[in-house]
Amino acid sequence: MSRLRFPADFAWGSATASFQIEGGVEERGQCIWDDFCRWPGKVFEGDNGDVAVDHYHLYGADVALMARLGFRAYRFSVSWPRILKEGIGEVNDVGLDYYSRLVDELLEAGIEPYATLYHWDLSTALQRVGGWASRDTASRFVEYARIVADRLGDRVHHWITHNEPWVVAMVGNLYGTHAPGWEDPGLALQVGHHLLLSHGLAVPVIRQASPGSQVGITLNLYPTYPATTSAEDLDAARIQDGFSNRWFLDPVFKGHYPEDIWALAGAQVPRVEQADLSIISRPIDFLGINYYSRHLVASDPSGPMGVQTLHPEGEYTQMDWEVYPQGLTDILTRVYADYSPRAIYVTENGCAYEDVLTSDGQVHDAKRTAYLRAHFAAAHKAIAQGVPLRGYFVWSLMDNFEWAYGYSRRFGIVYVDFQSLRRYPKDSALFCQSVAQENAVVLD
Ligand code: GCO
């Protein structure tokens, strides 16, 4: 048995996102995910976010639950259309008050708030005038960021501009399986560029409104491995890594797009104005990394970009994502070696499995506990190798709306009965509680 201790002040928390948990639809403006849910065939069984798990009304009890579970940090997102119903214009005070009360409640419970400004719920009104395909949206985002930081900036000391811009750009505009649902590579890269631009523009604005705070961005990253050491497979891994990791890391940390992928994109490259990359690469205080799985790839001239993604033997979650804890160590050490962020947080990591609620209100989710234990240990390995990892947020606090999968995938460490909305901590929540309380992970 070994006991892995984490550094003092390590932030153990859980993460959520507004659209996935809040509900309270009548008190906010419409967003592109409301629309997407109504698009036949796009979201499992036409599920929607009207009620979700009603965190908008139940936040007090949810904060109390987090505190009981021993968490000292919480990552949530602010819904832009709850602050500005049309994305611009008049401030919806009810919405701003809501987040202010949430933050107060967290602080009273001894939980440090980490606020994400954009976790995918763009106002429908802004989408109608182009959404992220329009450069203007970047400026609108900055105005929104200023309003939120002005109000919460005295109490929120950690800000994340964007969650997973790669997913917003590609899954929403290239693969079409997320809102707004388009399949256009040029559009996807342009959207990605405007997301990055909005990030860079917002950084100084947030700092000014929230003095002394830490500002960062969250990227979903995939350590990428070649199937063999052949030159072709190594090349395939370079391309896949360039597309899914470097396309966003390089602009933020190095002030340029990766040349190899830029060349590959040909006529689809985004329009970039002169100062954009120096704005995008303004220094940030931390990088958030969302880690779920790895890519194992081989060369395949008929595949997209000449790459084929393999499905190796192994253990998989209900999402059909391979369980690969070593990938977390690898991506953390690699990102630190190549980009030297001042600090790193794992802003999401977790898994969906088919949970069963027993008649006495328990969920024995041994696979989720094993998944988390192995990934916590993998993070510890990276810290031991010098990576400045400052915290870890489990995805997710509770079962919720899993985007195109609707309510059919449970990522929570707390089970939610989607009818009664009752919450039941799973065994994995009790495991996280012991880790957070002892600031250590025990391995057998
Ligand atoms: C993500 C999203 C989460 C998902 C989670 C599981 O950042 O991809 O932030 O909202 O629910 O990743 O797919």
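How far from an oxygen atom of the ligand does a polar side-chain atom of E402 lie? In this model, which is predicted, the distance is 2.6 Å. I shall take that contact as the starting point this morning, and then move outward to the chain as a whole.

E402 has a counterpart in E348: there too, a polar side-chain atom is found 2.6 Å from a ligand oxygen. W395 also takes part, with an N or O atom of its side chain placed 3.2 Å from an oxygen atom of the ligand. As to how much of the ligand is covered, its area when taken alone is 310 Å², and the protein buries 95% of that.

Let me turn to the surroundings of these contacts. The ligand occupies the largest pocket. Around the ligand there are 13 residues, and those that come nearest are Q20, H119, E164, E348 and E402. Two of these names, E348 and E402, we have just met through their polar contacts. What is the make-up of the shell by class? Six of its residues are nonpolar, four are polar and three are charged.

Now to the chain itself. The fold contains 15 helices and 15 strands. Its radius of gyration is 21 Å, close to the 22 Å that the globule rule gives for 444 residues, so the chain is as compact as a globular protein of that length. Measured out along the principal axes, the C-alpha trace spans about 55 × 55 × 45 Å.

I should like to close with the backbone, where some local features deserve your attention on the screen. As a reminder, most peptide bonds are trans, and most residues other than glycine have a negative phi.

Which residues does a cis peptide bond join, with omega about 5°? They are W395 and S396. W395 is already familiar to us from its side-chain contact with a ligand oxygen at 3.2 Å. Its partner S396 belongs to the loop that runs between β12 (389-395) and β13 (414-416).

A further cis bond leads from A179 to P180, and here omega is near 5°. For orientation, P180 can be found in the loop between α8 (165-173) and α9 (185-209).

Finally, A52 has a phi near 45°, a positive value in a residue other than glycine. This residue is located in the loop that connects α2 (32-37) and α3 (55-68).

To return to where we began: E402 places a polar side-chain atom 2.6 Å from a ligand oxygen, and the ligand sits in the largest pocket. Thank you.

Notes: Residues numbered from 1 in each chain as written. Predicted model: local features only at pLDDT ≥ 70, side-chain atom pairs only at ≥ 80, totals over all residues. Heavy atoms only, no water. Near = heavy atom within 4 Å. Polar contact = N/O pair within 3.5 Å; in protein donor to acceptor, adjacent residues only side chain to side chain. Areas by Shrake-Rupley, 256 points an atom, 1.4 Å probe, with all protein chains shown as cover. 1 Å grid on protein atoms, 1.4 Å probe; cavity = no way out; pocket = protein on both sides within 12 Å on 5 of 7 lines; lining within 4 Å. Sits in = over half its atoms within 2 Å of the grid points. Nonpolar A, V, L, I, M, F, W, Y, C, P; charged D, E, K, R; others polar. Helix = DSSP H or I, 4+ residues; strand = E, 2+ residues; numbered from the N terminus. Rg over C-alpha atoms; globule rule 2.2 N^0.38 Å.
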